[in-house]
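Me: I would like to go through the pockets, the ligand and the backbone of this model. Please set each value against its definition.

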Amino acid sequence: MKLFGVLGDPVSHSLSPAMHNAAFKALGMDCEYHAFRVSKDSLHDAIQGAYALGFGGLNLTIPLKEKALEIVKPTDLAKQIGAVNTVDFKKGIIGYNTDGLGAKMALTESSVEIKGKNVLLLGAGGAARAIAFTLATEGANVTIANRTPERAISLAKDVGSVGKINASDLTDLKNLVKNSDILINSTAIGMFPKVGETLVTSDIMHSDLVVFDIVYNPLNTRLLQEAKTAGAKTIDGVKMLVYQGAEAFNIWTGKIPPVDIMEKAVREKLA
Ligand code: NAP
């Protein structure tokens, strides 16, 4: 039997075990996927330990994606993004990033055009890095707004070579939202257990806005509720989770991931 896992802190909310175990079962593979609570300080030992134990692969979640760059050998894409969310052990300890692809697929599956659009990206953490890089590469004008503005500035500098990226703090969200076509929350705000929180409320949204919350637990976050009140189009975090997971599954196993089964498993768990 081959073991896989997601490392994070907190990690009990993760739906990756349900999603990947459903995929393994559907393909008749003798594999199991579990969640492990690991702090930044223990990440090196945890990754080396999983490698030594013969794990098939790992996912990394909050707050480990940037720290992992110091520990694994990143692909060019993961290095450019500055964050790792998938680790494969077949040829050493290789770090990939599949979050950007997941976010792009979530938007395109919802028929949202990216090229030329003004995107307001809340957050400058590991997931934001992948989204900023990918959407700027696709031709969007991205403004990163973060609680710690230095992190937004540093992210804009790091990935700015691929396209148009600006940085901001959170003090002028009203104007930033007004001038945006797509609002993406990639902060931990609204995530279980602090489910009532949001950085943006309906009174400063407009009905032409697309609001994409990458937080998926809960599914109907306070931000998405506010967006519905404002008459905006909403996209929840499940598609991104499924597509980033499907790409990781393919990297680990070389098999075509059963995307529909993976999505069904996630939505059933959240229902
Ligand atoms: P991370 O690297 O730890 O970044 C967290 C971000 O949230 C930072 O920008 C941080 O701002 C901000 N933040 C945290 N608490 C805040 C607060 N009270 N007020 C304002 N900003 C706050 O985490 P991550 O890996 O990017 O993940 C972020 C979220 O996205 C998590 O909920 C995760 O589950 C979700 N996610 C979903 C998917 C998906 O597939 N749907 C994929 C990846 C991540 P500072 O820089 O100021 O600390």
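Me: What makes up the lining of the largest pocket, by residue class?
Reply: The lining divides into 17 nonpolar, 16 polar and eight charged residues. Ala, Val, Leu, Ile, Met, Phe, Trp, Tyr, Cys and Pro count as nonpolar, Asp, Glu, Lys and Arg as charged, and the others, Gly among them, as polar. This is a predicted model: local features need pLDDT of at least 70, side-chain atom pairs count only at pLDDT 80 or more, and totals for chains, interfaces and linings use all residues. Residues are numbered from 1 along each chain as its sequence is written, and side-chain values use heavy atoms, without hydrogens and water.

Me: Why is the largest pocket said to lie between domain 1 and domain 2?
Reply: Domain 1 (2-97 + 239-270) and domain 2 (100-236) both give residues to its lining, so the pocket lies between them. The bounds come from an automatic or database domain assignment.

Me: What makes a space a pocket, and what makes it a cavity?
Reply: The search uses a 1 Å grid over the protein atoms alone. In a cavity, a 1.4 Å probe fits but cannot get out; a pocket is an open set with protein on both sides within 12 Å along at least five of seven lines. Lining residues have an atom within 4 Å of a point. The largest pocket has 41 of them, with Ile62, Ala127, Ser186, Thr187 and Ala188 nearest its centre.

Me: Which residues line the largest cavity?
Reply: They are Asn185, Thr187, Ile189, Glu197, Thr198, Leu199, Asp213 and Leu223. By class, three are nonpolar, three polar and two charged.

Me: How do you know which residues are around the ligand?
Reply: A residue is near if one of its heavy atoms lies within 4 Å of the molecule. There are 27 around the ligand, and Asn146, Thr148, Arg151, Met191 and Ile214 come nearest.

Me: What makes a pair of atoms a polar contact with the ligand?
Reply: The pair must be N or O atoms within 3.5 Å. A side-chain N or O atom of Asn146 is 2.7 Å from a ligand oxygen. For the side chain of Thr148, the distance to a ligand oxygen is 2.5 Å. A ligand nitrogen is 2.8 Å from a polar backbone atom of Ile214. These values fall within the cut-off.

Me: What makes the backbone at Pro193 and Ser111 worth a look?
Reply: Most residues other than glycine have a negative phi, and most peptide bonds are trans. A cis bond joins Phe192 and Pro193, with omega about 10°. Ser111 is not a glycine, yet has a positive phi of about 60°.

Methods
Polar contact = N/O pair within 3.5 Å; in protein donor to acceptor, adjacent residues only side chain to side chain.
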